[in-house]
Amino acid sequence: MKLQAYNQEQAQAAMEAAAKKKFRVGVLGATGMVGQRFLSLLENHPWFEVAVVAASPRSAGRTYEQAAGSRWKMKTPMPEAVKNMVVLDVNDVEKIAAQVDFVFSAVDMSKDEIRRIEETYAKAEIPVVSNNSAHRFTPDVPMVVPELNPEHFEIIRDQRKRLGTERGFIAVKPNCSIQSYTPALHALMEFEPETVVATTYQAISGAGKTFKDWPEMVGNVIPYIGGEEEKSEQEPLKIWGHIEDGVIVKAQTPVITTQCIRVPVEDGHTAAVFVTFKKKPTKEEIIERWRAFKGLPQQLGLPSAPKQFIQYLEEDNRPQVKLDVDYEGGMGVSLGRLREDTVFDYKFVGLSHNTLRGAAGGAVLCAETLVALGYISRA
């Protein structure tokens, strides 16, 4: 499915208007690790400015610095602009809705509670761009990597009909674990990948932890991450699905099986991938497709978009977390070690930054795309 023809002039006008007058943004779950990453990314954003920080009732009523200062986990300092903001109760939807144009959601609740609170914001005519997994398989909620499937944002029209809204909707970004291999496979779809085996080696920040508060991970490997393998196998199929009768229908191929392992790395998810194609390409064709791949964010020149989305590294010992996790400001994907396999057609290694491309950064890029395409407008 291709993105319906969008008006380049209208997209350019929307982007210029956003640069002249910033959108007022709320961050739900602002005290957690992903919420902190949102605040760091939004500190100097050319289109968005933080108007509201919201969290659980136990944090509400205090300044952000009081509520999160001792738990600040970013390597960069807490943004000055949010330190003295009073944290609002995330459940006070009406109060928050009156102060924002849209919200980013990174709340730490049960899935049922997340589904309920995000839908409540949407019904209050507030667009919700979510980092959470609760709505990823709601049939009319787009789950988008903007370079791969921006056409799925078109389902928002159907979702608004269901919700009875004019502005409000929910859009989500996919799981951090799939970012290191799904873009690589997407760039090769013309060769029809049939079977994929992927083992992901996932950083502790994916669990919202640092080594300071998870010392038992130092020198350790845990071969289980709850729910992660199911997400890693099924979410790419929704990304490669199509819209039919007001819902997103998952793709049936390729067949994907995964193992997900927690490793003693602070940031960066690595994947070892094996793949068989219906139409086997040459190694040179694969590398050329990876290096040439561009998506809508690159075409539009969105603020958070990496100029080169995928890089292929020729060295046998790359990609490495220490050397490559921050490629393109953490928004690019690094690939390497492509070679033919004795069982599958090819195998390769991928790396992506799990809290930038895989979490808050990916959601910010989704929001930028939604602004450019006209789905997010001013309240």
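What follows is a chat about the pockets, helix packing and backbone details of one predicted model.

Visitor: What should I know about the ground rules before we start?
Guide: This is a predicted model, where local features need pLDDT of at least 70, side-chain atom pairs count only at pLDDT 80 or more, and totals for chains, interfaces and linings use all residues. Residues are numbered from 1 along each chain as its sequence is written, and side-chain values use heavy atoms, with hydrogens and water left out.

Visitor: OK, how much space is in the largest pocket?
Guide: About 1000 Å³. On a 1 Å grid over the protein atoms alone, a pocket is an open set of points with protein on both sides within 12 Å along at least five of seven lines, while a cavity is a set where a 1.4 Å probe fits but cannot get out. Points are joined across faces, edges and corners, and the volume is the space filled by probe spheres set on them.

Visitor: Which residues are closest to the pocket's centre?
Guide: V34, A106, V107, D108 and N132, out of 41 that line the pocket; lining means having an atom within 4 Å of a point.

Visitor: And which helix gives the most to that lining?
Guide: α2, with three residues. Helices here are DSSP runs (H or I, at least four residues), strands are E runs of at least two, and both are numbered from the N terminus.

Visitor: Where does α2 meet α13?
Guide: V34, R37, F38, L41 and L42 in α2 touch L356, A359, A360, G361, A363 and V364 in α13, with contact meaning heavy atoms within 4.5 Å. Those residues split into nine nonpolar, one polar and one charged. Nonpolar covers Ala, Val, Leu, Ile, Met, Phe, Trp, Tyr, Cys and Pro, charged is Asp, Glu, Lys and Arg, and the others, Gly among them, are polar.

Visitor: At what angle do their axes cross?
Guide: Roughly 55°, and the axes come within 10 Å. Axes are lines fitted to C-alpha atoms, for helices over the stretch in contact, and angles run from 0 to 180 degrees between N-to-C directions.

Visitor: New topic: which residues line the largest cavity?
Guide: V144, V145, P146, K173, P174, Q179, R357 and G362. About 30 Å³ of space lies in that cavity.

Visitor: What about the backbone, which peptide bond leads into P254?
Guide: The one from T253, and that bond is cis, with omega near 0°. P254 sits in the loop between β9 and β10. R318 and P319 are also joined by a cis peptide bond, with omega about 5°.
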